[in-house]
Structure formats: C-alpha cells, structure tokens
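Visitor: I would like a close look at a single part of this model, taken slowly and with the surroundings included. Please keep to what can be read from the coordinates.

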Amino acid sequence: EVPSLTDDEIEQLRAGDGMGLARPAELNGYPGPKHVLELADELELTPEQRAEVEAIYERMHEAAVATGERLIEAEKHLNNRFRHQHIDEQSLAAAVGEVAMIRGELRTVHLSAHLTTHALLSAEQRAEYDRLRGYTASE
C-alpha cells in the first residue's frame with residue numbers, strides 16, 4: 001500500500017499503537033495509560049484512577065488512530081510524488097515537512113497521554129509501575 005512503510009508499521013499506525021514514540025516518557029517515570037490499565041490490580045488503582053486512565057487511553061487511542069491515518073496518507077503522497085516523477089526540491093521539502101509534522105503530532109499524542117497519566121498516580125504507584133515494567137532493579 002505504501003512502500004515507505006512496512007505492513008507492520010501500517011498495522012500499528014491504524015491500531016493507534018505507541019511504536020516506541022513515548023519511550024522518553026516511559027523510561028523516565030511517566031507511565032503510559034495502556035500499560036497502567038494492564039497493571040491496574042498490581043498498582044492498586046482506585047476506581048476513580050482506573051476510570052480516569054481509561055478516559056486518557058480512549059482519547060489517546062482515538063487521536064493516535066486518526067493521526068496515524070494522516071501519516072499513512074502523507075507517506076503515500078510522498079511516495080506517489082516520486083512514483084509519478086512529480087517532484088522537485090520545493091515539493092520534496094513540502095512533502096517531507098508534512099510527514100515530519102504529522103509524525104511529531106503523533107508522538108505528542110502519545111507523550112501527552114503519559115504526562116497526564118503520571119499526574120494521576122502516586123509516587124508509590126509510579127515506582128511500582130517502573131519495577132513491574134523492568135525499568136528498576138527488583139528488591
């Protein structure tokens with residue numbers, strides 16, 4: 001469908017997956033909502049926390065899927081410019097800029113969800129999350 005993206009990348013973009021885009025947050029004490037929900041029992045989330053994290057995840061997922069589709073289309077447009085030999089330096093810069101802008105928006109969607117999730121959890125829950133995810137040594 002889009003030669004510049006693998007089938008796996010397209011599938012992940014359409015599924016709203018993180019694809020490592022939020023790694024700076026994840027590895028520095030800012031848990032992601034999807035994994036927090038997977039570890040809800042171990043983290044002893046309150047019903048209120050669970051509901052808020054579910055809402056964060058739903059908003060993130062919806063935005064990630066929509067932005068992922070836009071990214072696929074932008075990559076398709078760039079590819080078609082080359083395929084049909086309708087490209088010059090100016091249109092190249094514009095097409096690559098569009099891809100980069102959308103990729104940045106997608107990364108922001110994921111990182112923002114980590115930022116918001118971080119604020120809902122206690123320091124103890126964040127530390128336990130890091131331990132459960134293997135980011136800190138077990139005691």
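Guide: What follows is an account of the helix pair H5 and H6, with the loops beside the pair and the helix H1 that packs on it. The model is predicted.

Helix H5 spans residues 47-83 and H6 spans 89-120. H5 contains 37 residues, and the distance from its first C-alpha to its last is 53 Å, close to the 54 Å expected at 1.5 Å a residue.

Two packed helices are described by the angle between their axes and the distance between the axes. For H5 and H6, the axes come within 9 Å and cross at roughly 170°. Because the crossing angle is over 145 degrees, H5 counts as roughly antiparallel to H6. The residues in the contact of H5 with H6 comprise 19 nonpolar, 8 polar and 7 charged.

Now the loop that joins the two helices. Gln85 sits in this loop, between H5 and H6, just after H5. Most residues other than glycine have a negative phi. Gln85 is not a glycine, yet its phi is positive, about 55°. The side of the question that concerns solvent is simple: Gln85 counts as exposed because its relative accessibility is 71%, and the cut-off for exposed is over 50%.

Past the loop, Ser91 belongs to helix H6. With a relative accessibility of 14%, Ser91 counts as buried, since the limit for that class is under 20%. Apart from neighbours within four places in sequence, Ser91 is in contact with Arg81 and His86. Arg81 falls within the residue range 47-83 of H5.

Further along H6 comes Ser112. Ser112 has 36% relative accessibility and so counts as partly exposed. Gly32 is 80 residues away from Ser112 along the chain, but their C-alpha atoms are separated by 9.4 Å.

At the other end of H5, Thr46 lies in the loop between helix H4 (40-43) and H5. The relative accessible area of Thr46 is 33%, so Thr46 is partly exposed. Thr46 and Leu121 are 75 residues apart in sequence, while the distance between their C-alpha atoms is 9.8 Å.

The pair also has a neighbour from earlier in the chain. Helix H1 covers residues 7-15, and its buried residues are Ile10, Gln12 and Leu13. These residues cover an arc of only 165° around the axis, which puts them on the same side of H1. An α-helix has 3.6 residues a turn, so residues three or four places apart point the same way. Among the elements that cover the buried residues of H1 are helices H5 and H6. On the other side of H1, Asp7 and Glu11 are exposed.

H1 is followed by Gly16, which has a positive phi near 75°. Met19 comes in the loop between H1 and helix H2 (23-26). Met19 is a residue other than glycine, and its phi is also positive, near 55°. Met19 counts as partly exposed because its relative accessibility is 29%.

To return to the pair itself: H5 and H6 run roughly antiparallel, their axes come within 9 Å, and both helices help to cover the buried residues of H1.

Key: Residues are numbered from 1 along each chain as its sequence is written. This is a predicted model: local features need pLDDT of at least 70, side-chain atom pairs count only at pLDDT 80 or more; totals for chains, interfaces and linings use all residues. Side-chain values use heavy atoms; hydrogens and water are left out. Buried means under 20% relative accessible area, exposed over 50%, partly exposed in between (1.4 Å probe, protein chains only). Helices (H or I, at least four residues) and strands (E, at least two) are DSSP runs, numbered from the N terminus. The arc is that of the directions from the helix axis to the C-beta atoms. Contact means heavy atoms within 4.5 Å. Axes are lines fitted to C-alpha atoms, for helices over the stretch in contact, and angles run from 0 to 180 degrees between N-to-C directions. Angles under 35 degrees count as roughly parallel, over 145 as roughly antiparallel, 65 to 115 as roughly perpendicular and the rest as oblique. Ala, Val, Leu, Ile, Met, Phe, Trp, Tyr, Cys and Pro count as nonpolar, Asp, Glu, Lys and Arg as charged, and the others, Gly among them, as polar. The expected span of a helix is 1.5 Å times one less than its number of residues.
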